[in-house]
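Q: Please take a close look at one part of this model and describe how it is put together. A connected account is requested, with the criteria behind each term.

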Protein chains: 2
Amino acid sequence: MASRMDPLSLEVVELIGTVVGRYYEEYERAAAEHSLTGAQARVLGLLSLEPMPMRRIAQKLKCEPSNVTGIVDRLEARGLVERRPDPADRRVKLAAPTPDGLTTATALRDSLNFAREPLAELSADERRVLRDLLRRMLGS
Amino acid sequence: MASRMDPLSLEVVELIGTVVGRYYEEYERAAAEHSLTGAQARVLGLLSLEPMPMRRIAQKLKCEPSNVTGIVDRLEARGLVERRPDPADRRVKLAAPTPDGLTTATALRDSLNFAREPLAELSADERRVLRDLLRRMLGS
DNA sequence: CGAGTTACTTGACAATCTCAAATATCTCGG
DNA sequence: CCGAGATATTTGAGATTGTCAAGTAACTCG
C-alpha cells in the first residue's frame with residue numbers, strides 16, 4: 001500500500017509530482033508562445049528528430065493512430081509538417097517537418113526554460129549526483 | 001539559448017522529461033483503473049485533502065472556472081463528489097468528496113505505483129540526497 | 001440604496017482522445 | 001498467381017477537456 005510508504009519516499013514522490021506539474025506548465029506555455037497546443041508541439045518535436053510513419057507517432061504518444069491524423073492535419077494546414085509517401089510501402093505516410101516546421105521546433109526547444117531556472121540552483125557536482133540518481137531510478 | 005546548455009544539464013533535463021512521461025502515464029493508468037479521467041482524478045484527489053470552492057479548484061488546476069463546472073458535474077453524477085452551500089457566502093459552492101469519493105481517492109493513491117518501483121532502486125541515503133536536491137531545485 | 005465586483009453556470013466552439021467501420025495495400029500459404 | 005487475412009491510414013460519432021463571452025445571483029462598500 002502506498003499509504004504505508006515511509007515518509008521520506010512519500011516526500012520524494014510529492015516533490016516529483018511538483019516537478020511534473022511545473023514541467024507540463026512550462027511546456028504548454030512554450031507551445032502556446034508559438035500558437036501550438038501541447039500535443040502539436042510534441043508531435044512536431046518528435047518529427048524534428050526524425051520523420052516517421054503516422055503509426056509510429058501514435059506509438060510514441062501512446063494514443064490511437066486515428067488521433068494522430070487530426071493532429072498532423074492541423075500541423076500540415078499550418079505548413080509545419082508534410083505527408084510524404086513511403087517508397088517501400090504505399091500504405092504508409094511519412095510525416096516530416098517542413099523547413100518552417102524545423103525552425104519552429106528549434107525555437108520551441110530554445111524557449112523551454114524549464115531547465116535553466118531550476119537547475120541554476122545546483123552546482124555542477126550536484127547536477128552530476130542528480131543525474132546519476134535519476135538514471136538509476138529510471139533503470140537506464 | 002537552451003542549445004548552448006552544457007551537456008550535463010541537457011542530460012538532466014532529458015531525464016526529467018522521461019520522469020514526467022512515466023509519471024503521467026502511470027497517473028492516467030491509475031485513474032482509468034477507477035474509470036476516471038486524469039482531470040477527474042486530479043480534482044477528486046484535491047478535494048479528498050480538503051473541500052473547497054469551485055473557484056479554488058480552478059486556481060489549483062490553472063484553468064477557467066467554467067471548466068471545473070463540467071468536471072465536478074461528472075464526478076457528482078457518479079456520486080463521488082457533492083456541492084454544498086458555503087454558509088458564509090451564498091454565491092460559493094463548496095465541492096466535497098462523498099464517503100464513496102473518499103474511498104475512491106484513497107484507492108487511487110494506493111494504486112499509484114510510480115513511487116514504489118523506481119524509488120526501490122535507491123537506498124534511504126540516496127533518497128535523502130534526491131529529496132534535498134529536488135527541494136533546492138524547486139526552491140522550497 | 002445602488003454601482004461595481006465576485007462566484008458560478010451556460011452555451012458555443014476548438015482540440016484531443018477513443019472506438020468502430022471503410023479503404024487501400026501488403027503478405028503469405030496453397 | 002490468387003485470395004484470405006493482416007496492416008496503415010482515414011473517417012465519423014461521441015465523450016471529455018479546455019477557452020471565451022454572457023448571464024444570474026449574491027456580496028461589498030461608499
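## The sheets and their surroundings

A: Pro53(A) stands opposite Leu94(A), a residue of β3(A). This is a predicted model, in which local features need pLDDT of at least 70, side-chain atom pairs count only at pLDDT 80 or more, and totals for chains, interfaces and linings use all residues, while side-chain values use heavy atoms and leave out hydrogens and water. Residues are numbered from 1 along each chain as its sequence is written, chains are lettered from A, and ligands are numbered from 1, in the order in which they are written.

The residue pair named at the outset belongs to the pairing of β1(A) with strand β3 (residues 89-97) of chain A, which is antiparallel and spans two bridges. Helices (H or I, at least four residues) and strands (E, at least two) are DSSP runs, numbered from the N terminus, and two strands count as paired if DSSP finds at least two bridges between them. In general, the strands of a sheet pair through backbone hydrogen bonds, either parallel or antiparallel.

On β3(A) there is also a pairing with β2(A): six bridges join these two strands, which run antiparallel. Within that pairing, Glu82(A) is placed opposite Ala96(A) of β3(A). A hairpin is formed by β2(A) and β3(A), with two residues between them. The result is an open sheet of three strands in chain A, in the order β1-β3-β2 and with antiparallel pairing. Its edge strands are β1 (52-53) and β2 (81-86) of chain A, each of which pairs on one side only.

Helix α2 (residues 38-49) of chain A lies across β1, β2 and β3 of chain A and runs at about 100 degrees to β3(A). Contact here means heavy atoms within 4.5 Å. Axes are lines fitted to C-alpha atoms, for helices over the stretch in contact, and angles run from 0 to 180 degrees between N-to-C directions.

Chain B also has an open sheet of three strands, in the order β1-β3-β2 with antiparallel pairing. Its edge strands, β1 (52-53) and β2 of chain B, each pair on one side only. Helix α2 (residues 38-49) of chain B packs on this sheet, touching β1, β2 and β3 of chain B, and its direction makes about 100 degrees with that of β3(B). Two bridges join β1(B) to β3(B), which run antiparallel; Met52(B) has Ala95(B) as its bridge partner in β3(B). Strand β2 (residues 81-86) of chain B pairs with strand β3 (residues 89-97) of chain B in the antiparallel sense over six bridges. In β3(B), Lys93(B) is the bridge partner of Pro85(B), and Pro97(B) is that of Val81(B). Two residues lie between β2(B) and β3(B) in the hairpin that they form.

Beyond the sheets, the two chains meet in a contact that takes 43 residues from chain B and 43 residues from chain A. Between them, the chains bury about 4500 Å², 74% of it on carbon and sulfur atoms; buried area is the accessible area (1.4 Å probe) that two parts lose on being put together, summed over both. In chain B, Leu8(B), Met137(B) and Leu138(B) lose the most area to chain A, together 15% of what that side buries.

Nine salt bridges are found across the interface of chain B and chain A, a salt bridge being a side-chain nitrogen of Lys or Arg within 4 Å of a carboxyl oxygen of Asp or Glu. One of them joins Glu11(A) to Arg135(B), with the closest N and O atoms 2.7 Å apart. On the side of chain B that touches chain A, α1 (7-33), α5 (99-110), α6 (116-119) and α7 (124-138) of chain B each supply at least two residues. The most comes from α1(B), with 15 residues.

Over all chains, the structure holds 29 salt bridges. Among the residues so paired are Glu26(A) and Arg29(A), whose closest N and O atoms are 2.7 Å apart. Both lie in helix α1 (residues 7-33) of chain A, three residues apart, about one turn of the helix.
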